[in-house]
Amino acid sequence: MPELPEVETVRRGLAPVMEGAVIEKAAVNRPDLRWPFPERMAERLTGQRVERLRRRSKYILADLAGGETLLVHLGMSGRMLVSGDPLGHFVHDHPAPEKHDHVVFDMQGGARITFNDPRRFGAMDLMPTGAEAEHRLIAHLGPEPLGNAFSETYLVAALREKNTAIKAALLDQRIVAGLGNIYVCEALYRARIAPTRSCRRISAARIASLVPIVRQVLDEAIAAGGSSLRDFRQADGELGYFQHNFDVYGREGLPCRTPECGTPIRRIVQSGRSSFYCPQCQR
């Protein structure tokens with residue numbers, strides 16, 4: 001599933017053709033994805049100007065001039081592809097419709113944005129603008145890892161008394177929003193913390209050190225265009241390449257990249273997810 005850097009990359013890719021533009025025609029080609037679409041979604045979107053594109057955790061939020069906000073979740077295989085952009089940011093002509101093109105936005109000026117989702121784990125919803133904090137998918141979320149609320153003081157207080165593994169705690173969206181399996185593995189490697197270590201057995205200083213490390217890992221991934229794992233694509237169809245910089249994720253049995261270490265990277269399963277780490281460097 002796309003993680004925060006991938007979703008932010010898609011948001012940035014969509015901004016040049018969506019922000020300030022009018023949805024001339026919205027087409028909804030099926031009644032649902034993971035959940036049913038809101039009533040009259042195509043009608044409610046057609047003719048609306050997109051005032052602003054935002055991201056909250058792994059959700060893209062499009063604020064519309066009419067006072068509603070469109071929520072988009074990419075799910076496991078969802079892609080938003082841009083074609084026919086008259087501004088010159090993208091070079092694709094409108095492709096022939098595909099079986100899994102479930103929602104299509106024809107923008108005033110000629111651009112087309114297609115939401116393609118073969119596995120249909122994605123989602124779209126409409127809500128009053130400014131009410132996203134009350135939406136069922138967002139209400140429980142913790143602070144953004146790139147925002148000011150995610151501070152050393154906050155994280156130490158949130159984890160100090162938890163008896164769960166640090167990996168599970170960082171994946172808990174109620175503690176910090178948007179972190180996923182890949183980038184938590186990478187952050188814990190840089191912090192030299194084993195994914196299995198209980199939060200209560202980690203010093204406050206080491207927990208605090210995770211805040212700048214998490215931000216650094218995410219910033220690097222966003223700058224690199226996100227990951228190209230599985231079905232993820234950027235909005236312009238190009239693959240990301242941060243996966244080539246992974247230190248531990250997906251490198252089971254390969255030598256640790258820490259100078260003078262070389263210990264084989266180990267993979268274990270925690271709560272049904274693979275954790276990759278160096279048993280020598282991470283304690």
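Select Asn181, Ile182, Tyr183, Val184, Cys185, Glu186, Ala187, Leu188, Tyr189 and Ala191, which are buried residues of helix α5, where buried means under 20% relative accessible area, with a 1.4 Å probe and protein chains only. This is a predicted model, in which local features need pLDDT of at least 70 and side-chain atom pairs count only at pLDDT 80 or more, while totals for chains, interfaces and linings use all residues. Residues are numbered from 1 along each chain as its sequence is written, and side-chain values use heavy atoms, with hydrogens and water left out.

Widen the selection to the whole of α5, residues 181-191, and the helix proves mostly covered, with 10 of its 11 residues buried. Helices here are DSSP runs of H or I with at least four residues, and strands are runs of E with at least two, numbered from the N terminus. Next, add α1 (4-18), α4 (166-171), α6 (204-223) and β10 (273-277), which are among the elements that cover the buried residues of α5. Just after the helix, select arginine 192, which takes a positive phi of about 65 degrees.

Now move to strand β4, residues 68-73, which is mostly covered, as 5 of its 6 residues are buried. Add strand β3, residues 59-64, which runs antiparallel to β4 and is joined to β4 by 5 bridges; two strands pair if DSSP finds at least two bridges between them. Across this pairing, isoleucine 60 stands opposite valine 72. In the turn of the β3-β4 hairpin, which has 3 residues between the strands, glycine 67 has a positive phi of about 100 degrees.

Finally, select strand β8, residues 123-128, which pairs with β4 in the antiparallel sense over 6 bridges, and find histidine 73 opposite alanine 123 in β8.

Definitions and conventions. Buried means under 20% relative accessible area, exposed over 50%, partly exposed in between (1.4 Å probe, protein chains only). Contact means heavy atoms within 4.5 Å.
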